[in-house]
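Student: I would like to go through this structure and ask why its parts are called what they are called. Please show it first.

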Amino acid sequence: MSARTALVWFTRDLRLHDHPALTAALDTHERVVPVFCLDDRLLRGRHESGPRTAFMLECVGDLRGSLRERGGDLVIGREPPERVLAELARETGATEVYCTADSGPFARRRAGRVREELAAAGAELRAKPGLHAVDDLGRLRTGAGDPYRVFSPFHRAWSQVTRREVLPAPAALPPLPAGVRSGGVPSLAALGLESDVEEPPRGGEGPGRSRLERFLEAPVRAYADANDLPAVDGTSRLSPYLHFGCLSVREIEARLPRGKGAEAFHRQLCWRDFHHHVLLHHPGNAREELQSRYRGMEWSDDEERFAAWCEGRTGYPLVDAGMRQLLREGWMHNRVRLVVGSFLTKDLAIDWRAGERWFMRRLVDGDEANNNGNWQWIASVGTDPQPAYRRIYNPTRHQERYDPDGEYVRRYVPELRDVPGEFLAEPWRMPEAVQSESGCVIGRDYPEPIVDHAEARRAALARYGAAAR
DNA sequence: TTTTGAGTTGTTCGA
DNA sequence: GTCGAACAACTCAAA
């Protein structure tokens, strides 16, 4: 076979639009072989997740469909990528393998292994941008030459970076070379995983683009006002598509209209890049606190309380609604993620890593950098320089402020459906007569609060104060 | 080097 | 209900 063959290694860039690696391969090579590897180290590793893998398999199927529509196909490997790619390079005579650069700790180690094996096969790995809004995310530096640790100055610098052009999807692809087999998309069960998510979002570039079109149509303009209300579908819900790269964050950014809503949303896209930037420069964050003074802090190992949190039976309606939404949909509204995160780490004094793991297991959009960054932030051990006492959320206040009509809580905690609005944030205050009248007896139909928030707050301040000293 | 201003999305208390 | 102040003084980034 001719040396004019290139491989394109897909990872979490499962799209054709605005794909620099794919475009570069097609521009310079006659034959291009797209490859995706189902890597057991990822699928069965510490971030194993049935719901998210189910979504990913749909993304892979969608990508293969789009490639086939354009005359190409997708090779689906079941072995580690270093082995699959080296073998394919030998088989096809490819001397170049294109991929999208990934800043995550796992991905960087994996790319190192791939590079080595490819070298032995006489091929070279070429990493192109495509994961972030800016190309040189790792190189963004403060005036002193350090990586950023505070969002606002990062945002300022990030906003000033010149962006690359958005690339169109290729119109046509060459067929696979003779003898190269495409391989099928396995079922979730065949991977030994299962998902019990109800009405999961449909994975793939096609569904992602439809959702993007709908969001750009109108909701983006109201984003600044609606994104904090969990009962309203005011967020973009693009996170799973962004995680698997069904959508290019660069393209989304380029297509945003002007205005307050779009600006607020753009800021959220910057948070994604910020978390990736921080994890890139502090890969140890995946396991330990960014702020060293909080390392070695003592956490509670109360398994019963942790289970109550996971299953949404803490006795705090907004917390329980959020945790049940996560169980049911594989997704949780952002505002509520903060409330349940604060509750776990501050009220229950349970290690943020336990919450991080649970989220990664359940979230369809679970992304190591974002999840880790946000957990560290809400646990007050990460990039947020504000003292802990400013981040102990009051679940009752939050419910009154962000779900004033109780629409969200009633949707996910049906046993509270007939509780009068005045008691919905603190159902334990219901007089007995009201409890039996609304069919919600506390301690029987809905749990007593598992901690007293005011007391837990004082204890959390003492814990964090002691650790900071 | 020193100084200055600011820090995602808070809470509680008391007037 | 609404408002401002206090929380307690720390770290980061830029001038």
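**Terms and values**

Tutor: Where domain 1 meets domain 2, 16 residues of domain 1 are in contact with 17 residues of domain 2. The largest share of that side of domain 1, 4 residues, comes from α3. The model is predicted: local features need pLDDT of at least 70 and side-chain atom pairs count only at pLDDT 80 or more, while totals for chains, interfaces and linings use all residues. Residues are numbered from 1 along each chain as its sequence is written, and chains are lettered from A and ligands numbered from 1 in the order in which they are written.

Student: What makes two residues "in contact"?

Tutor: Their C-beta atoms, placed from the backbone, lie within 7 Å. An element such as α3 is a DSSP run, numbered from the N terminus: a helix is H or I with at least four residues, a strand is E with at least two.

Student: Which domains does chain A have, and where do their bounds come from?

Tutor: Chain A is divided into domain 1 (5-131), domain 2 (132-163 + 206-281) and domain 3 (292-468). The bounds come from an automatic or database domain assignment. Taken over C-alpha atoms, the centres of domain 1 and domain 2 are separated by 25 Å.

Student: Why is Gly-184 called exposed?

Tutor: A residue is exposed if 12 or fewer other C-beta atoms lie within 10 Å of its own, buried if 20 or more do, and partly exposed in between. Gly-184 has 11 C-beta neighbours inside 10 Å, so Gly-184 counts as exposed. Its place is in the loop between α6 and α7 (205-217).

Student: What makes Glu-199 exposed?

Tutor: Glu-199 has 8 other C-beta atoms within 10 Å, and therefore Glu-199 is exposed. Glu-199 is also in the loop between α6 and α7. Although Glu-199 is not a glycine, it has a positive phi of about 45 degrees.

Student: Is Ser-380 buried or exposed, and how do you know?

Tutor: Ser-380 counts as buried, because it has 26 C-beta neighbours inside 10 Å. Ser-380 is found in the loop between α16 (368-378) and α17. Its phi is near 60 degrees, a positive value in a residue other than glycine.

Student: Which residues of helix α1 are buried, and what covers them?

Tutor: In α1 (residues 20-28), the buried residues are Pro-20, Ala-21, Leu-22, Ala-25 and Leu-26. Their cover includes β1 (5-10), β2 (31-37), β4 (96-100) and β5 (124-128).

Student: What makes a set of residues a nonpolar core?

Tutor: The members are buried Ala, Val, Leu, Ile, Met, Phe, Trp, Tyr and Cys residues joined through C-beta atoms within 7 Å. The largest nonpolar core has 102 residues, of which Leu-7, Val-8, Val-35, Leu-85 and Val-97 touch the most other members. Helix α3 (residues 50-69) gives the most to this core, with 8 residues. Apart from it lies another core, of 7 residues, among them Trp-352 and Trp-377.

Student: What makes a residue count as near DNA strand B, and which come nearest?

Tutor: A residue is near a strand if its C-beta atom, placed from the backbone, lies within 6 Å of it. There are 19 residues around DNA strand B, and Phe-151, Ser-152, Pro-385, Tyr-393 and Asn-394 come nearest. The elements giving two or more residues to this surface are α6 (151-160), α17 (395-402) and α20 (453-468).
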